[in-house]
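Q: Please take a close look at the ligand site in the structure shown below, and set beside it the local features elsewhere along the chain that deserve a careful reading.

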Amino acid sequence: MFDKVLVANRGEIALRIVRACHELGVKAVAVYSEADARAPHVREADEAVLLGPAPSSESYLKGDAIIAAALATGAEAIHPGYGFLSEREWFARAVRDAGLVWIGPPAEAIAAMGSKTAARTLAIAAGTPVVPGTTTALRDADEAAEVAERFGYPVLLKAAAGGGGKGMRVVHQRSELASALEAAQREAKNAFGDDAVYVEKYIVGPRHVEIQVLGDQHGTMLHLGERECSIQRRHQKMIEEAPSVAVTAELRARMGAAAVAAARAAGYTNAGTCEFLLDASGDFYFLEMNTRIQVEHPVTELVTGIDLVQWQLRIAAGEKLPFVQDDIAPRGWAIECRITSEDPANGFLPSTGRVRYLHLPSGPGVRWDGGIETGSEITLFYDPMLAKLIVHAPTREQAIERMHRALLELTIDGVDTARDFHLRMMENADFRRGAIGIQWLEQHLDELLGQQPGRESVVRAAIAAALLAERDRTARRAGASPAGATTEAPRESTWLRVARREALR
Ligand code: MV4
């Protein structure tokens, strides 16, 4: 095992990696921007190196400075986390060229999966089902029309260099094709510096189900089952769970084998994720592979009992995976809610400010992976995800109740967050039935947020609850029993329960 590892990230994932290091007896080196000088990941690490000013381009994206920091502090390896430099082939290569160990897949595997057309070609060769479509860039609208005719409309134009939903265009008929292709090519050129666009049949109303894979450097490649990630908005996931209500043990085995085959074809090692669309008839299609540890990895950790981040370090250090596929089956149900500094009542507008008070949920089956504390300044420099609240319980129903209970215990004062959105979700009938797909959230957002009382009503409820609480206390001090007055909020009203807690603080 390494003696010292540099963590090339910030926020909750940096803290998560520092924790894994410490549990393995490894020292952790943090890097940070001027805005993060007092951040928890800096304090919890064993040493820290300042990279530069707040903007990511001047700090967390400075690959050369990060490698220099690793060499200067005597770190032997670099863990990139997610985002920032985690999927940049050149950085993985530069780390290796500097004589350091890259805690992730080989640069060649990152490159192979970075091109969506190359990834499709690899998947097809491995026998992994992909969405019907092309594996090369379209020459012109006529070629696109030919392909679309073959598979039937609607079709989806995608940037070959894309991924994560950027540069996509749905086309419903031939007449829209030429202008959509032009627009997609322009967008691809601007976003990725590469105007290559290919076409797939558009799958309507599927689920987004992804398979976690883990491979060592000795030829073992395993899958750790699926995560259901359909609750997303504008390609930002909000809620993830493991397992998925739509996946049976038999389907899990088939999707798992398909993911393992695709990963093997790319020469993959370490932790990675194959994204699939799963349609209503139970057919699944490989979309792309994410060559990093993902935000939602904790739900897989909770249902498999396997510490993915620890294993990332162990695999990079050359250890062998001690499990076989048959050892791995999901136990119970895990759900993750992303706590973002976005105001759901205000179109998910990013919210900034200082965290004035933070009260974290705890108790059975509750995990908080966070990067904030009381006093943290939330700025627009970085991703709005402040933390993840994750629960584990024997059944899905119990996991939903546990999440609801944990969300009620959570208080974040000073910035608006998505907490209230998640409370609504845990109470939503469609969600509770598992009747959701990738389009569900955007189609139900108005109704979901419409039910939410405005800030004014919550404030009034809190004031009323505070007055009642005060009357209660006064009555008790006088030795009398609180006649009539009560701080009890009706069980059926989430908002009164929230208001009561706020008032009694
Ligand atoms: C699709 C699709 C439907 N049909 N491809 C979005 C992100 C990128 N990974 C691929 N994406 C999609 N590809 C075909 N042929 C629908 C999506 C999609 C989506 C996928 C996963 C999770 C959320 C999504 C939201 C909108 C569209």
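**From the chain to the ligand site**

A: V458 is found in helix α16, which runs over residues 455-477. The model is a predicted one, and the positions discussed here should be read with that in mind. V458 is partly exposed, with a relative accessible area of 25%, and its C-alpha atom is separated by 6.9 Å from that of W495, a residue 37 positions away along the chain. A178, placed in helix α8 (residues 174-192), is also partly exposed, at a relative accessible area of 37%; here a separation of 29 residues along the chain, from A178 to R207, goes with a C-alpha distance of 29 Å. I17, in helix α1 (residues 11-23), is buried, with a relative accessible area of 0%, and the C-alpha atoms of I17 and H41, 24 residues apart in sequence, are separated by 9.3 Å.

With those positions placed, the ligand site can be taken up. The ligand is surrounded by 18 residues, of which the closest are K158, E200, K201, I203 and E288. Polar contacts to nitrogen atoms of the ligand come from side chain and backbone alike: a polar side-chain atom of K158 lies 3.0 Å from a ligand nitrogen, an N or O atom in the side chain of E275 is 3.1 Å from a ligand nitrogen, and in K201 a backbone N or O atom is found at 2.7 Å from a ligand nitrogen. Of the 520 Å² of accessible area that the ligand has on its own, the protein covers 91%. The elements that give two or more residues to this shell are the strands β6 (155-159), β8 (197-201), β12 (270-278) and β13 (284-290). Sorted by class, the shell consists of eight nonpolar, five polar and five charged residues.

One of these strands, β6, follows a loop with a backbone feature of its own. P154 is found in the loop between α7 (141-151) and β6, and the peptide bond that joins Y153 to P154 is cis, with omega at about -5°. A cis bond also leads into P243, where the peptide bond from A242 has an omega near -5°; P243 itself lies in the loop between β11 (236-242) and α9 (249-265). Such features are worth noting because most peptide bonds are trans and most residues other than glycine have a negative phi.

The second part of that statement bears on the loop between β10 (221-233) and β11, where R234 is found. Phi of R234 is near 50°, a positive value in a residue that is not glycine, and R234 counts as exposed, at 62% relative accessibility. H235 has its place in the loop between β10 and β11 too, and its phi, near 70°, is likewise positive in a residue other than glycine. With a relative accessible area of 46%, H235 is partly exposed, since the exposed class requires over 50%.

The cysteines can be read in a similar way. A disulfide is a covalent bond between the sulfur atoms of two cysteines, and a search of the whole structure finds zero of them. For C229, the closest cysteine sulfur is that of C337, at 13 Å, which is too far for a bond, given that a disulfide requires the sulfur atoms to be within 2.5 Å. For C274, the closest cysteine sulfur is that of C229, at 13 Å, and this again is too far for a bond. C229 counts as buried at 1% relative accessibility, and C274 is buried with a relative accessible area of 0%.

Helix α12 offers a check of geometry against expectation. Its 14 residues, 396-409, should span 20 Å at 1.5 Å a residue, and the C-alpha atoms at its ends are 20 Å apart, so the two values agree. The buried residues of α12 are R396, A399, I400, M403, H404, A406, L407 and L408, a list that includes R396 and H404 alongside I400 and M403.

Technical notes
Residues are numbered from 1 along each chain as its sequence is written. This is a predicted model: local features need pLDDT of at least 70, side-chain atom pairs count only at pLDDT 80 or more; totals for chains, interfaces and linings use all residues. Side-chain values use heavy atoms; hydrogens and water are left out. Buried means under 20% relative accessible area, exposed over 50%, partly exposed in between (1.4 Å probe, protein chains only). Helices (H or I, at least four residues) and strands (E, at least two) are DSSP runs, numbered from the N terminus. The expected span of a helix is 1.5 Å times one less than its number of residues. A residue is near a molecule or strand if one of its heavy atoms lies within 4 Å of it. A polar contact is a pair of N or O atoms within 3.5 Å; within protein, one must be able to donate a hydrogen and the other to accept it, and residues adjacent in sequence count only if both atoms are side-chain atoms. Accessible areas come from the Shrake-Rupley method with a 1.4 Å probe; for residues, only the protein chains shown count as cover. Ala, Val, Leu, Ile, Met, Phe, Trp, Tyr, Cys and Pro count as nonpolar, Asp, Glu, Lys and Arg as charged, and the others, Gly among them, as polar.
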